[in-house]
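Me: I should like to learn how to read helix contacts and salt bridges in a structural model. Please take me through one case.

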Amino acid sequence: MLEITIPSRGVLHLSHLVLDYNGTLALDGALVEGVGERLRELAKHVDVHVITADTYGDVEGRLVDLPVTLSTLSDHLQDEAKQRYVRTLSARECVTIGNGRNDALMLAEAVLGLGVMQPEGLSRHALDACDVVCPDINSALDLLLKPKRLIATLRN
């Protein structure tokens, strides 16, 4: 578990990290450089979940060596499916990271939602739903690995 105390917000007790794959962890289906090492480090503290529509059809092979739980979605109502997934884990213990319109509900549902703006872009809906916008996935993951950065951004 990660425990992060944010002045004026309280203590976050994070047990789960839920991530989108394409546009978040990956670009054009390939994992972004540096993500694997960060996920391995974070998996020592939280359960890591990847939830995706698997646009390129090869996500399982791309994540095979990483300590993650993979959930593949159908094309129907992905935003609601991602939100339900976060709820089943207990949203109060989840940090989510995403970029797409279908990530907006999970970003809003979690106690902490991080949006990433990478080459695929960041949906306006996801932007409105997240607590912090990061320039890339590695910066977002580093907020969890180096929580003083997150504290500095969210304190009041």
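The dialogue below takes up helix packing and then salt bridges.

Reply: This is a predicted model, in which local features need pLDDT of at least 70, side-chain atom pairs count only at pLDDT 80 or more, and totals for chains, interfaces and linings use all residues. Residues are numbered from 1 along each chain as its sequence is written, and side-chain values use heavy atoms, with hydrogens and water left out.

Me: At roughly what angle do the axes of helices α1 and α6 cross?

Reply: Axes are lines fitted to C-alpha atoms, for helices over the stretch in contact, and angles run from 0 to 180 degrees between N-to-C directions. Here, α1 (residues 35–42) and α6 (residues 137–145) have axes that come within 10 Å and cross at roughly 20°. The two helices are therefore roughly parallel (angles under 35 degrees).

Me: Which side chains of R38 and D142 contacts should I read as a salt bridge, and at what distance?

Reply: A salt bridge is a side-chain nitrogen of Lys or Arg within 4 Å of a carboxyl oxygen of Asp or Glu. R38 and D142 meet this way at 2.8 Å, N to O. Because R38 belongs to α1 and D142 to α6, the pair ties together parts that are 104 residues apart in sequence.

Me: Is D142 buried or exposed?

Reply: Buried means under 20% relative accessible area, exposed over 50%, and partly exposed in between (1.4 Å probe, protein chains only). D142 is buried at 12%, whereas R38 is partly exposed at 22%. D142 also forms a salt bridge with R149, at 3.9 Å between the closest N and O atoms.

Key: Helices (H or I, at least four residues) and strands (E, at least two) are DSSP runs, numbered from the N terminus. Angles under 35 degrees count as roughly parallel, over 145 as roughly antiparallel, 65 to 115 as roughly perpendicular and the rest as oblique.
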